[in-house]
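The following exercises invite the reader to examine a structure step by step. Each task sentence is followed by a worked solution.

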Amino acid sequence: MTKENKKLVSELVNIIGKTNDKLAMEKLLELMEQVVIKFLTRYSCDVNMIRDITADTFVVVAEKAGTRESDKNSYSWILTIAKNLYYNERRRLNRLTDINIVSPIESVMSYAFNADFFIDFNTALEKLTYDERQIYYLKFECNYKVYQIAKIMVMSVATIKRRLQIIRHIMKEVVKGE
């Protein structure tokens, strides 16, 4: 984006803040929507999440445009709003517990193992984030391949491989008692 466009974005945000002009908001959307979408694709491959966060970003811009100082850089302010909304959404998803973490334990309960192993195993699963538990379940319980998990989770293959390394590391630490 050119310096002229960044200045225009700042002017549009100031106009929206002072008069709540719909034409200014439409022009701002025209200038910044694709920029915000491209910015968010650095954080996630989930198209639906990116669209939702982009829409929420411009809602926040419209609400808070009047409360910000006019001499500040509006371009980076809008991208910061998008980034913060993305992080808030990821935190919200990490708090969800859609994956039944008891299922893996029940699947191995039929084997004659030490009871302490199950406690350690359960502790390790509880230390995983929401996404990591999903990846664990898909990889080790459903026997999906990494590329299949990447499609299901809407993440890159490299991200899935890295998360699998993290999962293995956490499992080793907890089971060894470190």
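**Exercise 1.** In this predicted model, determine which residues arginine 90 is in contact with, leaving aside its neighbours within four places in sequence, and decide whether arginine 90 is buried or exposed.

*Solution.*
Step 1. Arginine 90 is located in helix H4.
Step 2. Once the neighbours within four places in sequence are set aside, the contacts of arginine 90 are Met49, Asp131 and Met155.
Step 3. The relative accessible area of arginine 90 is 16%. Buried means under 20%, so arginine 90 is buried.

**Exercise 2.** State how many helices and strands the protein has, and describe its overall burial and surface.

*Solution.*
Step 1. The secondary structure consists of nine helices and zero strands. Along the sequence this reads α-α-α-α-α-α-α-α-α.
Step 2. The protein has 178 residues, of which 35% count as buried.
Step 3. Its accessible surface is about 11300 Å², and 51% of that area belongs to carbon and sulfur atoms.
Step 4. Among contacts with a separation of 6 or more, 61% join residues 24 or more positions apart.

**Exercise 3.** Identify the residues with the most contacts inside the largest nonpolar core, and establish which helices each supply at least two residues of this core.

*Solution.*
Step 1. As background, nonpolar side chains in soluble globular proteins tend to be buried together.
Step 2. The largest nonpolar core here has 28 residues, and those with the most contacts inside it are Val9, Val13, Leu28, Met32, Val36, Leu40 and Ile78.
Step 3. At least two residues of this core come from each of helix H1 (3–19), helix H2 (22–40), H3 and helix H4 (74–95).
Step 4. Isoleucine 78 serves as an example: apart from its neighbours within four places in sequence, it is in contact with Val9, Val13, Leu28, Met32, Val36, Thr57 and Val61.
Step 5. There is also a second, separate core of 18 residues, which includes Ile135, Ala150, Ile167 and Val174.

**Exercise 4.** Explain why the buried residues of H3 line one face of the helix, and carry out the corresponding analysis for H8.

*Solution.*
Step 1. Helix H3 spans residues 47–64, which is 18 residues, and reaches 26 Å from its first C-alpha to its last, close to the 26 Å expected at 1.5 Å a residue.
Step 2. The buried residues of H3 are Met49, Ile50, Ile53, Thr54, Thr57, Phe58, Val60 and Val61.
Step 3. Viewed down the axis of H3, these buried residues lie within an arc of 165°, and therefore they line one face of the helix.
Step 4. Arg51, Asp52 and Glu63 are exposed on the other side of H3.
Step 5. In H8, the residues Val146, Ile149, Ala150 and Met153 are buried. Down the axis of H8, its buried residues fall within an arc of 105°, so they too line one face of their helix.

**Exercise 5.** Locate asparagine 143 and valine 154, and give the phi value and accessibility of each.

*Solution.*
Step 1. Asparagine 143 sits in the loop between helix H7 (130–141) and helix H8 (146–153). Its phi is positive, about 60°, although this residue is not a glycine.
Step 2. With 59% relative accessibility, asparagine 143 counts as exposed.
Step 3. Valine 154 follows H8 and is found in the loop between H8 and helix H9 (157–176). Its phi is near 55°, again a positive value in a residue other than glycine.
Step 4. The relative accessible area of valine 154 is 31%, and valine 154 is partly exposed.

**Exercise 6.** How many aromatic pairs does a search of the whole structure find, and what are the ring geometries?

*Solution.*
Step 1. The search finds two aromatic pairs.
Step 2. Tyrosine 86 and tyrosine 87 form a tilted pair, at 5.8 Å centre to centre and with 55° between the planes. Tyrosine 86 is buried at 9% relative accessibility, whereas tyrosine 87 is partly exposed at 32%.
Step 3. For tyrosine 136 and phenylalanine 140, the ring centres are 5.3 Å apart and the planes are at 40°, so this pair is tilted.
Step 4. Tyrosine 136 and phenylalanine 140 are four residues apart in helix H7, which means that about one helical turn separates them.
Step 5. Tyrosine 136 is buried, with a relative accessible area of 8%, while phenylalanine 140 is partly exposed at 34%.

Key:
Residues numbered from 1 in each chain as written. Predicted model: local features only at pLDDT ≥ 70, side-chain atom pairs only at ≥ 80, totals over all residues. Heavy atoms only, no water. Expected span 1.5 Å × (residues − 1). Buried < 20%, exposed > 50% of the residue type's maximum accessible area, 1.4 Å probe, protein only. Arc of directions from axis to C-beta. Core = buried A, V, L, I, M, F, W, Y, C linked by side-chain atoms within 4.5 Å. Contact = heavy atoms within 4.5 Å. Areas by Shrake-Rupley, 256 points an atom, 1.4 Å probe, with all protein chains shown as cover. Phe/Tyr/Trp six-rings, centres within 6.5 Å; stacked < 30°, edge-to-face > 60°.
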